[in-house]
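Me: Got a minute to walk me through this one? I'd like the overall layout before the details.

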Amino acid sequence: MENNHVLVIGGGISGIASALELANGGLSVYLIEREATVGGYAASFCCKATDVCSNCSVCVVPQKIKEAVIHPQISLLTNSTVQKVSGEVGNFRVEITQKPQYISLERCIACGMCTEVCPTEPKAIYLPSAEAIPFSYILDERLCLRFKGEDCNLCQESCPTNAIDFKRKSKRQELSVGTIIVATGFEVFDAREIGSLGYSRYPNVLTGLDLERVFNREGSLKLPSNGKEPQNIAFIQCVGSRNEEHCYCSQVCCKYAMRFARLIKYQNPNAEVAIFYIDLQTAGKGFAEFYEECKESIRFIRGVPVEILEAHPGELEVKFENILEGKVNRELFDLVVLSVGMVPRKDSWDLARILGINLGDEGFFDTKPLDSTETNVEGLFLAGACQGPKDIPDSIAHGMAAAKRAMEVLVRCK
Ligand SMILES: Cc1cc2nc3c(=O)[nH]c(=O)nc-3n(C[C@H](O)[C@H](O)[C@H](O)COP(=O)(O)OP(=O)(O)OC[C@H]3O[C@@H](n4cnc5c(N)ncnc54)[C@H](O)[C@@H]3O)c2cc1C
């Protein structure tokens, strides 16, 4: 049977790269995303340029997202997940559930009146981010008083375009596609799992993900505890990677930490920045040179921090094993950034069961030995970080490679 439709599961940068490659090749694509907006993690990251570009690749993301959402060959379904898959290569039938979209995308003019009148804290109705695509407010059922049985309709009354409809129900639909690309990405390691590092206990202990979002929102760094500029900052590498549970290297943490360290020094040349590491991942064109430049203004300490304590309010004491000196040292900082790594999504197992694909030892989806896009199910491919840690350029390249393989299979099925 001839089927020119491809399903891409996951609207992060790798799924978007796959969808664009397929659509530009003349195929019709269903791009489904479980959240209300597309772009995945990379859409919430910041540019790390100083007076020169630091090649973090974050700037390529918005353009690709915009291209995908307006592409006539791509049908985007947000708030959607796969429930069931049957059939085989060339003719898969896929059952999708789309959660109710209480705010009409066509009618919402993003005026913000609904958020203003919403009585809950945090707000139950809000714009996820200034760059959100699709650009519309979302309603969180877990926070909304109406879904807790109360008679509140303040947002609906305040909406000048009647965009809010509480009666909307979830929709089920069946799609018929020839091949499927899985691009469901990763999760960030939850730093609370290492209690001794004080994340979520001390306000001035942040993660790399927090830093991405703070710089993206504010453009510079302030101490969460008092809003002042930090003067003495430590980055701790390999938090949640290269341990017994996640023994692999996350590939991206050394790079984002060094780029942030440089940006912080650029914005505040008087700040002291130190990076604690086990060993450094400096592979990639030009990165070894970037590291050499970083060494001129940033301290690199080969040591494993084992504990962070708040010595006095706003003063963090980092206790670490200095590998080179072979002893335990202590140093004081006013801000500590935990460079958290990439781990498999907790729900990977559910999707693997629905699709019939295998998980590898580390919990990412598994592939055949000689092709990092091909799964054990014919016609089903992987793209991006759901297969293992990757940065943005590698996720895009992997997404495009998966699309090429999907196209070849469709041609064979004709
Ligand atoms: C702290 C941190 C900083 C980083 N900084 C950089 C950097 O500066 N430069 C760089 O190049 N890389 C950076 N990276 C790496 C970058 O985040 C990844 O390369 C990129 O996000 C991978 O994209 P992806 O699409 O594969 O996965 P994701 O970004 O995880 O996107 C996956 C998408 O799939 C959706 N999804 C998941 N499950 C389902 C489902 N069942 N159904 C439908 N949709 C689903 C998700 O909601 C999400 O939108 C960083 C990573 C971290 C952790």
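Reply: Sure, here is a tour from the overall fold down to single residues.

Reply: Two ground rules to begin with. This is a predicted model, where local features need pLDDT of at least 70, side-chain atom pairs count only at pLDDT 80 or more, and totals for chains, interfaces and linings use all residues. Residues are numbered from 1 along each chain as its sequence is written.

Me: OK, how many helices and strands does the chain have?
Reply: Nine helices and 19 strands. They are DSSP runs numbered from the N terminus, with helices being H or I of at least four residues and strands E of at least two.

Me: And what is the radius of gyration?
Reply: The chain has 23 Å, which agrees with the value near 22 Å for a compact globule of 414 residues. The radius is taken over C-alpha atoms, and the globule rule is 2.2 Å times the number of residues to the power 0.38.

Me: What are the domains?
Reply: Domain 1 is 5-99 + 170-186 + 344-413, and domain 2 is 190-341. Such bounds come from an automatic or database domain assignment. The two centres, over C-alpha atoms, are 31 Å apart. Twelve residues from domain 1 and 15 residues from domain 2 make the contact, where contact means C-beta atoms, placed from the backbone, within 7 Å.

Me: Now the ligand. Where does it lie relative to the domains?
Reply: It lies between domain 1 and domain 2, because both give residues to the shell around it.

Me: How many residues surround it, and which are the closest?
Reply: There are 37, the closest being Gly 10, Gly 12, Gly 40, Gly 185 and Gly 384. To count, a residue needs its C-beta atom, placed from the backbone, within 6 Å of the molecule. Helices α1 (13-24), α5 (208-218) and α9 (392-413) each supply at least two residues of that shell.

Me: Switching to the core: which residues of the largest nonpolar core touch the most other members?
Reply: Of its 101 residues, those are Ala 19, Val 29, Ile 181, Val 182, Ala 261, Val 336 and Leu 338. Helix α6 (residues 253-267) gives the largest share of this core, nine residues. The core also draws at least three residues from each of domain 1 and domain 2. A nonpolar core here is a set of buried Ala, Val, Leu, Ile, Met, Phe, Trp, Tyr and Cys residues joined through C-beta atoms within 7 Å.

Me: Is Leu 206 buried or exposed?
Reply: Leu 206 counts as buried, because 22 C-beta neighbours sit inside 10 Å. The cut-offs are 20 or more other C-beta atoms within 10 Å for buried, 12 or fewer for exposed, and partly exposed in between, with C-beta atoms placed from the backbone. Leu 206 is in strand β11 (residues 205-207). Its C-alpha is 7.7 Å from that of Leu 335, although they are 129 residues apart in sequence.

Me: Any backbone oddities? Which residues does a cis peptide bond join?
Reply: One joins Glu 121 and Pro 122, with omega about -5°. Another joins Ile 133 and Pro 134, also with omega about -5°. Pro 122 is in the loop between α3 (113-117) and β6 (125-126), while Pro 134 is in the loop between β6 and β7 (138-139).

Me: And what is phi of Asn 79?
Reply: Near 55°, a positive value in a residue other than glycine. Asn 79 sits in the loop between β3 (74-77) and β4 (80-88).

Terms used
Two residues are in contact if their C-beta atoms, placed from the backbone, lie within 7 Å.
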